[in-house]
Amino acid sequence: MIKFNSILLLLILVSAPLNFIFADSVEAKTKRFEKSFDKDSNGVVTKDEFVQTRTKWGRPEAESHKFFNYHDKDKNGEITLEEFTASK
Ligand SMILES: [Ca+2]
């Protein structure tokens with residue numbers, strides 16, 4: 001049991017910096033926002049654009065709606081680059 005706990009602790013300690021390294025950088029998010037989601041390049045991503053892109057990636061529509069609402073911080077129906085890059 002002690003051994004298992006030690007291994008678990010070790011895994012947590014090792015994965016924390018990895019999470020930090022592999023977390024999306026603002027640059028990576030900006031690129032994804034502009035290249036993948038903002039189809040008409042008007043600086044905001046509508047729900048249609050968001051869901052369509054994720055559907056193309058094979059993501060379930062219900063999940064895409066959930067993520068859209070998560071990113072759309074001010075709930076105005078559009079995701080700005082600021083909203084997108086601020087999201088974890
Ligand atoms: Ca918004």
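S41 is exposed, with 8 other C-beta atoms within 10 Å, where a residue counts as exposed if 12 or fewer other C-beta atoms lie within 10 Å of its own, as buried if there are 20 or more, and as partly exposed in between, the C-beta atoms being placed from the backbone. The model is predicted, and local features need pLDDT of at least 70, side-chain atom pairs count only at pLDDT 80 or more, and totals for chains, interfaces and linings use all residues. Residues are numbered from 1 along each chain as its sequence is written. S41 lies in the loop between helix 2 (26-37) and strand 1 (44-46), and, although not a glycine, S41 has a positive phi of about 50°. Most residues other than glycine have a negative phi. A positive phi, near 55°, is also found for K75, which is placed in the loop between helix 4 and strand 2 (78-80) and is likewise exposed, with 7 other C-beta atoms within 10 Å.

The protein chain contains 5 helices and 2 strands, which follow one another from the N terminus in the order α-α-β-α-α-β-α; helices (H or I, at least four residues) and strands (E, at least two) are DSSP runs, numbered from the N terminus. Of the 88 residues in the protein chain, 10% are buried. Among contacts between residues at least 6 apart in sequence, 36% join residues at least 24 apart, two residues being in contact if their C-beta atoms, placed from the backbone, lie within 7 Å.

The axes of helix 3 (residues 47-56) and helix 4 (residues 61-71) come within 9 Å and cross at roughly 135°, the axes being lines fitted to C-alpha atoms, for helices over the stretch in contact, with angles that run from 0 to 180 degrees between N-to-C directions. This angle makes helix 3 oblique to helix 4, since angles under 35 degrees count as roughly parallel, over 145 as roughly antiparallel, 65 to 115 as roughly perpendicular and the rest as oblique. The contact involves K47, F50, V51, R54 and T55 of helix 3 together with E61, S64, H65 and F68 of helix 4. The residues of this contact divide into 3 nonpolar, 3 polar and 3 charged, with Ala, Val, Leu, Ile, Met, Phe, Trp, Tyr, Cys and Pro counted as nonpolar, Asp, Glu, Lys and Arg as charged, and the others, Gly among them, as polar.

When its neighbours within four places in sequence are left aside, F68 is in contact with K47, F50, V51 and I79. F68, F50 and I79 also belong to the largest nonpolar core, which has 7 residues and further includes F33, F37, V45 and F84; such a core is a set of buried Ala, Val, Leu, Ile, Met, Phe, Trp, Tyr and Cys residues joined through C-beta atoms within 7 Å.

At the C-terminal side, K88 is placed in the segment after helix 5 (81-86) and counts as exposed, with 5 C-beta neighbours inside 10 Å. The C-alpha atoms of K88 and D24 are separated by 8.4 Å, although these residues are 64 residues apart along the chain. D24 is found in the loop between helix 1 (2-22) and helix 2 and is partly exposed, with 13 other C-beta atoms within 10 Å. D24 and T85, 61 residues apart in sequence, are 9.1 Å apart from C-alpha to C-alpha.
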